[in-house]
Amino acid sequence: IVGRRRSPRSRPASESWVSRVPAIREHQWREGGAWEGEPKRFPPQHGAIALLSMLILMAAALAITVGLSLRGLRDLEAVALLHGSEETFSHADACIAEALYRLRNNSAYAGGLVPIEDETFYSECTMTVRDRGGGRREINAVATRSPATRHLQAVAEFGTIVLSGRTVNTLSLVSWQETLE
């Protein structure tokens, strides 16, 4: 075979592989990462870049998901706290109504601890009744349901009216307000 160039694969075994390296670099390496006669392969760094990109995207998606979940939990806790506070307010208001009922039956009623039972929970309300003179009574009610505590204050006034020639004792609510303590 005169004048024909031999492919590096057909070189005699006597040649060392070191002497073939420059020839391999010059003649056999093709763009795209394959030797002549071999299927085209991607260099290892292309897969690493794709893998790293996927990991970064997955980490970002996970961070967004966790952030939104935590925000939802905080909102849920805030709603539960608000709902509990409103229930406590309702119980304090029920205590004021109970104090008015007890004052109507006994004008010397001085307050006390009133249990309030609900479908969801049991709580207690502390009431104090103070005589302000002139037939007026100040009623303070404190209802607590952890962590909410609500304070209400009302003023009631005893009076009399004449109905059909009969004198009837009355108890009127003069003022009602929520207080800080």
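1. Start with Glu178, which is partly exposed at 39% relative accessibility. In this predicted model, the Glu178 side chain meets that of Arg150 in a salt bridge, 2.6 Å from N to O. Arg150 sits in strand S6 and Glu178 in strand S7, so the pair ties together parts that are 28 residues apart in sequence. The arginine end is the covered one here: Arg150 has a relative accessible area of 17%, and it counts as buried because the cut-off is under 20%.

2. Staying with charges, the count of salt bridges comes to six. Arg130 and Glu138 make one of them, at 3.0 Å from N to O. These two are also bridge partners across the strands, with Glu138 being the S5 partner of Arg130. In this pair Glu138 is buried, with a relative accessible area of 9%, while Arg130 is partly exposed at 49%. Arg130, Arg132 and Glu138 are joined into one network by salt bridges that share partners.

3. Helix H2 has a salt bridge of its own: Glu98 and Arg102 meet through their side chains at 2.7 Å, N to O. Both residues lie in H2, four residues apart, or about one turn of the helix. Glu98 is partly exposed at 26% relative accessibility, and Arg102 is likewise partly exposed, with 30%.

4. Now the overall layout. The protein has two helices and seven strands, and along the sequence they follow the pattern α-β-β-α-β-β-β-β-β. Of its 181 residues, 21% count as buried. Its accessible surface is about 13500 Å², with 58% of that belonging to carbon and sulfur atoms. Among contacts with a separation of 6 or more, residues 24 or more positions apart account for 35%.

5. The strand pairing is easy to walk through. S3 and S4 are antiparallel over seven bridges, and Leu113 has Thr126 in S4 as its bridge partner. S4 and S5 also run antiparallel, joined by eight bridges. S5 and S6 pair in the antiparallel sense over ten bridges, with Asn140 partnered by Gln153 in S6. S6 and S7 (residues 166-179) run antiparallel too, with 13 bridges between them; there, Gly159 has Thr170 in S7 as its partner.

6. The turns deserve a look. The hairpin of S4 and S5 has two residues between the strands, and Gly134 takes a positive phi near 65° in it. S5 is joined to S6 by a hairpin through two residues. In the hairpin of S6 and S7, again with two residues between the strands, Ser164 has a positive phi near 50°. Most residues other than glycine have a negative phi, so this is one to check by eye: Ser164 has its positive value in a residue other than glycine. Ser164 is in the loop between S6 and S7 and counts as exposed at 82% relative accessibility.

7. What does the largest nonpolar core look like, and which residues have the most contacts inside it? It has 18 residues, and Cys125, Met127 and Ile139 have the most contacts within it. H2, S3 (111-117), S4 (122-133), S5 (136-145) and S6 (148-163) each supply at least two of its residues. H2 gives the largest share, five residues. Leaving aside residues up to four places away in sequence, Ile139 touches Ile96, Ala99, Leu100, Leu103, Thr128, Val129, Leu152, Gln153, Ala154 and Ala156.

8. Thr88 is another covered spot on helix H2. Is Thr88 buried or exposed? At 1% relative accessibility, Thr88 counts as buried. Beyond residues up to four places away in sequence, Thr88 touches Ala143, Thr144, Arg145, Ala148, Thr149 and Arg150. The last of these, Arg150, is the salt-bridge partner of Glu178 from the opening point.

9. Finally, the surface. Leu62, Val66, Leu70, Leu73 and Leu76 form a nonpolar patch there, with about 480 Å² of accessible area together. Leu73 belongs to helix H2 (residues 44-105) and is partly exposed, with a relative accessible area of 48%. As background, nonpolar side chains tend to be buried together in soluble globular proteins. H2 thus has two sides to its story: five residues in the largest nonpolar core, and Leu73 in the surface patch.

Note on methods
Residues are numbered from 1 along each chain as its sequence is written. This is a predicted model: local features need pLDDT of at least 70, side-chain atom pairs count only at pLDDT 80 or more; totals for chains, interfaces and linings use all residues. Side-chain values use heavy atoms; hydrogens and water are left out. Buried means under 20% relative accessible area, exposed over 50%, partly exposed in between (1.4 Å probe, protein chains only). Contact means heavy atoms within 4.5 Å. Accessible areas come from the Shrake-Rupley method with a 1.4 Å probe; for residues, only the protein chains shown count as cover. Patches are made of residues with over 30% relative accessible area and no salt bridge: like charges are joined within 9 Å, nonpolar side chains (Val, Leu, Ile, Met, Phe, Trp, Tyr) within 5 Å. A salt bridge is a side-chain nitrogen of Lys or Arg within 4 Å of a carboxyl oxygen of Asp or Glu. A nonpolar core is a set of buried Ala, Val, Leu, Ile, Met, Phe, Trp, Tyr and Cys residues joined through side-chain atoms within 4.5 Å. Two strands pair if DSSP finds at least two bridges between them.
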